[in-house]
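Work through these exercises with the model open beside you. Try each task before reading its solution.

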Amino acid sequence: MNDNSADLVEFLLARIEEDERIADHVASVSPTTDTKFCLWATQFAFDAERMIVAADYQRVIAECAAKRNIVNEFLVASDPASTTLALVLRLLASAHQDHADYRDVWRG
């Protein structure tokens, strides 16, 4: 793994942790496990990205686990699998292009 890949892994894990932290918070204060009724999380109403987490925190938790598994597979992969997984990581990171820490070199 080169420095660019290490930075990409660090970036993705930080975004995953952000979403997990918010989803876990919503899960801990939710009056129900039925996400259809979780729109009560009005503290996120002015941040559309966080509102999605509040509205469907169970899917977000599952998605974070899946992304973390992809990153872990990259960390233990050997060529040519690592080349394919590196592309997958760049594509996952592209969802965060507007984040201040995103680097143009990661564009798929």
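Buried means under 20% relative accessible area, exposed means over 50%, and partly exposed lies in between (1.4 Å probe, protein chains only). The model is predicted, so local features need pLDDT of at least 70 and side-chain atom pairs count only at pLDDT 80 or more, while totals for chains, interfaces and linings use all residues. Residues are numbered from 1 along each chain as its sequence is written, and side-chain values use heavy atoms, with hydrogens and water left out.

**Exercise 1. Place S30 and decide whether S30 is buried or exposed.**

Step 1. Find S30 in the loop between α1 and α2 (48-55). Helices (H or I, at least four residues) and strands (E, at least two) are DSSP runs, numbered from the N terminus.

Step 2. Apply the cut-off. S30 has a relative accessible area of 14%, so S30 is buried.

Step 3. Look across to Y57. S30 and Y57 are 27 residues apart along the chain, and their C-alpha atoms are separated by 9.7 Å.

**Exercise 2. Describe the chain as a whole: how many helices and strands are there?**

Step 1. Count the elements. The chain has four helices and zero strands.

Step 2. Read along the sequence. The pattern is α-α-α-α.

Step 3. Check burial. Of the 108 residues, 31% count as buried.

Step 4. Check the contacts (heavy atoms within 4.5 Å). Among contacts between residues at least 6 apart in sequence, 54% join residues at least 24 apart.

**Exercise 3. Compare the span of α3 with its expected span, then find its buried side.**

Step 1. Set the rule. The expected span of a helix is 1.5 Å times one less than its number of residues.

Step 2. Apply the rule. α3 has 20 residues and reaches 29 Å from its first C-alpha to its last, close to the expected 28 Å.

Step 3. List the buried residues of α3: Y57, V60, C64, V71 and F74.

Step 4. Locate them around the axis. These residues cover an arc of only 90°, so they sit on the same side of α3. The arc is that of the directions from the helix axis to the C-beta atoms.

Step 5. Focus on C64. With a relative accessible area of 3%, C64 is buried. C64 touches I16, D19 and E20, not counting residues up to four places away in sequence. C64 and R15 are 49 residues apart in sequence, yet 9.1 Å apart in space, C-alpha to C-alpha.

**Exercise 4. Do the same for α4: which residues are buried, and what do they pack against?**

Step 1. Test the span. The 13 residues of α4 should span 18 Å, and its end C-alpha atoms are 18 Å apart, which agrees.

Step 2. List the buried residues of α4: S82, L85, A86, L89 and A93. They cover an arc of only 110° around the axis, so they lie on the same side of α4.

Step 3. Turn to the face away from that buried side. The exposed residues T83 and T84 are there.

Step 4. Name the partners. The buried residues of α4 pack against α1 (3-29) and α3.

**Exercise 5. Characterise how α3 and α4 meet.**

Step 1. Choose the description. Two packed helices are described by the angle between their axes and the distance between the axes.

Step 2. Give both values. The axes of α3 (residues 57-76) and α4 (residues 81-93) come within 9 Å and cross at roughly 145°. Axes are lines fitted to C-alpha atoms, for helices over the stretch in contact, and angles run from 0 to 180 degrees between N-to-C directions.

Step 3. Name the residues. α3 contributes K67, I70, V71, E73 and F74, and α4 contributes S82, L85, A86, V88, L89 and L92.

Step 4. Sort by class. The contact has eight nonpolar, one polar and two charged residues. Ala, Val, Leu, Ile, Met, Phe, Trp, Tyr, Cys and Pro count as nonpolar, Asp, Glu, Lys and Arg as charged, and the others, Gly among them, as polar.

**Exercise 6. Inspect P80: where is P80?**

Step 1. Go to the loop between α3 and α4, which holds P80.

Step 2. Recall the background. Most peptide bonds are trans.

Step 3. Check the bond from D79 to P80. This bond is cis, with omega near 0°.

**Exercise 7. Contrast H96 with H99.**

Step 1. Locate both. H96 is in the segment after α4, and H99 lies there too.

Step 2. Classify. H96 is buried, with a relative accessible area of 13%. H99 counts as partly exposed, at 25%.

Step 3. List contacts, not counting residues up to four places away in sequence. H96 touches F11, R15 and Y102. H99 touches F11, R15 and E18.
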